[in-house]
Amino acid sequence: SWGLAKKMIEIIKSCRYPPFVFCGGIHPTFYGTYIMESTETDAVIIDEGEENTVQLINAIENRISLSDIPNIMYRENGKIMETKACCFHEFEDYGLDYYDMLPENIYFNVPVETSRGCRFRCAFCSILDAQNWRGLSVKKSIERIEYASGYIGKKSIFNCIYFVDNCFTADINRATDILRHICNTPKKYTLQFEARCTDILGGNHFLDVLDPTRVSSIQMGIECGYDLGLKLIKITI
C-alpha cells in the first residue's frame, strides 16, 4: 500500500494549509527513516500504535513537545528525531471496532482481530510480533465476533468474517473453543483465517469441531518440502 500512501501524502502536503501527517504500520515500522527522508511526513509511529497515536494527536492539538511519546520519529528544527523504544507485551482489549463507519459494498468481508503475533520467527516473515504471540480470551474474542457478524452483508460484499490474526491457531485449544461456538451458532456466515499445519495436527478436537460449510478458506504456508530447507529459513525457531 505504500505507493498509494506516498502519493496521498504528496497531494495532502501540496494543499495551501497542509495538515500534520503521520504514518504507521509494518512498512513505516521497518523503514521509518526512509519515509521521513523521502516524503514530507511529519511523524512515523513505530510498532503498535493504539496508545501513542492518542498521545501524538493530543500533543499536536495542544502544541506540546513530541519528545516524551515512545516509539515515534518526528521532525524538530529540520532534524529527524527518534524517541525511546517501548516494547509491547500484552494485547489489550481496546474496545469494539467502528464498523458503522465503513463504506458499503467496498470490502469483501468484515475483519476481526482476536490475537497478535506469532510464536515463531521464520526468516521470510515480516510481521511485527515474531516470537510474541498474544491473544484475547475466548469470551472476549466471541464478543468481538458476534458484534462484527451484525455488519456482515451491510458492510461487506461476501457473507464472511476474516480473522486478521497473524496466526489464529497459535493457541489451538483457544482456537478450538472459538471455532466450536461459531460452528454452533445459527448465523451462517463463513470464516477465513491463517493457521499452521503443526497447530492443527497437534490439536485434539480442532478438526472435529470444524464445519467445512462454515469455512471459506484457511491460509497455511507451505514454504519448503524438505527438512533442511525448513531449517535454513528457521521456520521452527
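**Exercise 1. Locate arginine 180 and aspartate 177, and work out how their side chains meet.**

Step 1: Start with the secondary structure. Both arginine 180 and aspartate 177 sit in helix α6 (residues 172-184), three residues apart, or about one turn of the helix. Helices here are DSSP runs of H or I with at least four residues, strands are runs of E with at least two, and numbering goes from the N terminus.

Step 2: Check the contact. The two side chains form a salt bridge at 2.9 Å, N to O; the term asks for a side-chain nitrogen of Lys or Arg within 4 Å of a carboxyl oxygen of Asp or Glu.

Step 3: Look at accessibility. Arginine 180 is partly exposed at 30% relative accessible area, and aspartate 177 is partly exposed at 35%. The cut-offs: buried is under 20%, exposed is over 50%, partly exposed is in between (1.4 Å probe, protein chains only).

Before you go on: this is a predicted model, where local features need pLDDT of at least 70, side-chain atom pairs count only at pLDDT 80 or more, and totals for chains, interfaces and linings use all residues. Residues are numbered from 1 along each chain as its sequence is written, and side-chain values use heavy atoms, with hydrogens and water left out.

**Exercise 2. Find out which parts the salt bridge between glutamate 48 and arginine 134 ties together.**

Step 1: Get the distance. The closest N and O atoms of glutamate 48 and arginine 134 are 2.4 Å apart.

Step 2: Place the partners. Glutamate 48 is in the loop between β2 (43-45) and α4 (50-62) and arginine 134 is in strand β7 (residues 134-135), so the bridge ties together parts 86 residues apart in sequence.

Step 3: Buried or exposed? Glutamate 48 is buried at 7% relative accessibility, and arginine 134 is buried at 5%.

Step 4: Widen the view. Glu48 and Arg134 belong to a salt-bridge network with Glu50, Glu113, Arg116 and Asp129. One link in the search is arginine 116 with glutamate 113, at 2.8 Å, N to O; arginine 116 is buried too, at 10%. The whole structure has nine salt bridges.

**Exercise 3. Describe the lining of the largest pocket.**

Step 1: Count the lining. The largest pocket has 27 lining residues, with Cys122, Phe124, Arg196, Gly221 and Glu223 nearest its centre. A pocket, on a 1 Å grid over the protein atoms alone, is an open set of points where a 1.4 Å probe fits, with protein on both sides within 12 Å along at least five of seven lines; lining residues have an atom within 4 Å of a point.

Step 2: Trace the elements. At least two lining residues come from each of β9 (190-195), α7 (197-202) and β10 (215-220).
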